[in-house]
Amino acid sequence: AGSAIIPGAELSPAVFIIPGITLVICLYKYHLLDYSLQTLDEVVEIMNDGWLVLDENNKAVDINPMAEKLINRPREELFGLPVEEVLKDWPNVVSQIGNSTVVLDTNCSVEIQDAWRYFNLRVQPLTNKSEKLTGHMVFWRDITEQKLAEDARRQARDEMFTLLHGLASAASEAPNLQSFLSDSVYLIMSALQCQSMSIFLLDENEQKEATARLSLVNQVGLAEKISKKLV
């Protein structure tokens, strides 16, 4: 065995040492390690989600800026404190941490800088490869945009049901078509929060014509000059 260049020499270690030295030189020369750490720190700083890490004794060992805002205390005051002190304003979370077999998953709202934000709060037990409890992770996921969108959809759906119910009532109580159209205009304007509205119907005398004509049958909020042009 050995090398053809140096008889009896084992060159396998050199095959691994030389690329390793080259990699280390590149890491330090181009500051790749610093770049990775700085990028990670920047991501943690701008996260809208908050997290708190507790050790096996339920003491705070790590926290990000968003969690600081949620707890309303700086990280310097929290490191090493028991969870009862860190989360004294979150008694449901504290009680859940005592149960290492169940994951807490609930929603909550928190006022931050004079604005309410909504979070999904989750407490996750941390275990090692031997399934031994090593701590807990408290995680607040920001769901404000999702909550506001759901509220807007729910409000729009409720308003639509209210409008349909009003139109159905007006149709059943109106003595004639003109009365129903008048009531409908105000119902629709109220639901859509608009200031003017017009209703056009297809002219019965010209329905069979290729160029059927629409006639203005009711309007609210239009200027007199405009309404005359539409008749």
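**Close-up 1. R73 and E85 meet through their side chains in a salt bridge.** In this predicted model, the N to O distance of the pair is 3.2 Å. The two partners come from distant parts of the chain, twelve residues apart: R73 sits in the loop between α3 and α4 (75-78), while E85 belongs to helix α5 (residues 83-86). Is R73 buried or exposed? R73 is buried, because its relative accessible area is 18% and the buried class covers values under 20%. E85, in contrast, counts as partly exposed, at 32% relative accessibility. Look for E77 in this view as well: R73, E77 and E85 are linked in a network of salt bridges.

**Close-up 2. E68 and R75 form another of the salt bridges in this model.** Their side chains meet at 3.1 Å, taken from N to O. E68 counts as buried, at 16% relative accessibility. R75 is partly exposed, and its relative accessible area is 24%. If you would like to keep a tally, a search of the whole structure turns up seven salt bridges.

**Close-up 3. R117 and D142 join two strands through a salt bridge.** Here the N to O distance between the side chains is 2.9 Å. R117 lies in strand β4 and D142 in strand β5 (residues 133-142), so this pair ties together parts of the chain that are 25 residues apart in sequence. At 25% relative accessibility, R117 counts as partly exposed. D142 counts as buried, with a value of 16%.

**Close-up 4. Five strands make an open sheet with antiparallel pairing.** Follow the strands across the sheet and you will meet them in the order β2-β1-β5-β4-β3. Which strands stand at the edges? They are β2 and β3 (104-112), and each has a single partner strand, so one side of each is left without a neighbour in the sheet. From one strand to the next, the twist averages 20°. As general background, strands of a sheet pair through backbone hydrogen bonds, either parallel or antiparallel.

**Close-up 5. Strands β3 and β4 run antiparallel.** How many bridges join β3 to strand β4 (residues 115-127)? There are nine bridges between them. To pick out one example, find N107: its bridge partner in β4 is N120.

**Close-up 6. N64 reaches two backbone atoms with its side chain.** This residue is found in the loop between β2 (60-63) and α3 (65-71). Where does the side chain of N64 reach? One contact is with the backbone oxygen of D49, at 2.9 Å. The other is with the backbone nitrogen of W51, also at 2.9 Å. L52 is worth finding too: N64 and L52 are twelve residues apart in sequence, and their C-alpha atoms are 7.0 Å apart in space. N64 counts as buried, because its relative accessibility is 0%.

**Close-up 7. M160, F161 and L164 form a nonpolar patch on the surface.** Together, these three residues have about 320 Å² of accessible area. To find your way to the patch, start from L164, which is found in helix α7 (residues 144-173). L164 is partly exposed, with 48% relative accessible area.

Terms used. Residues numbered from 1 in each chain as written. Predicted model: local features only at pLDDT ≥ 70, side-chain atom pairs only at ≥ 80, totals over all residues. Heavy atoms only, no water. Patch = residues over 30% accessible without salt bridge, like charges linked within 9 Å, V, L, I, M, F, W, Y side chains within 5 Å. Areas by Shrake-Rupley, 256 points an atom, 1.4 Å probe, with all protein chains shown as cover. Salt bridge = Lys/Arg side-chain N within 4 Å of Asp/Glu carboxyl O. Helix = DSSP H or I, 4+ residues; strand = E, 2+ residues; numbered from the N terminus. Buried < 20%, exposed > 50% of the residue type's maximum accessible area, 1.4 Å probe, protein only. Polar contact = N/O pair within 3.5 Å; in protein donor to acceptor, adjacent residues only side chain to side chain. Pairing = 2+ DSSP bridges. Axes fitted to C-alpha atoms, helices over the stretch in contact; angles between N-to-C directions.
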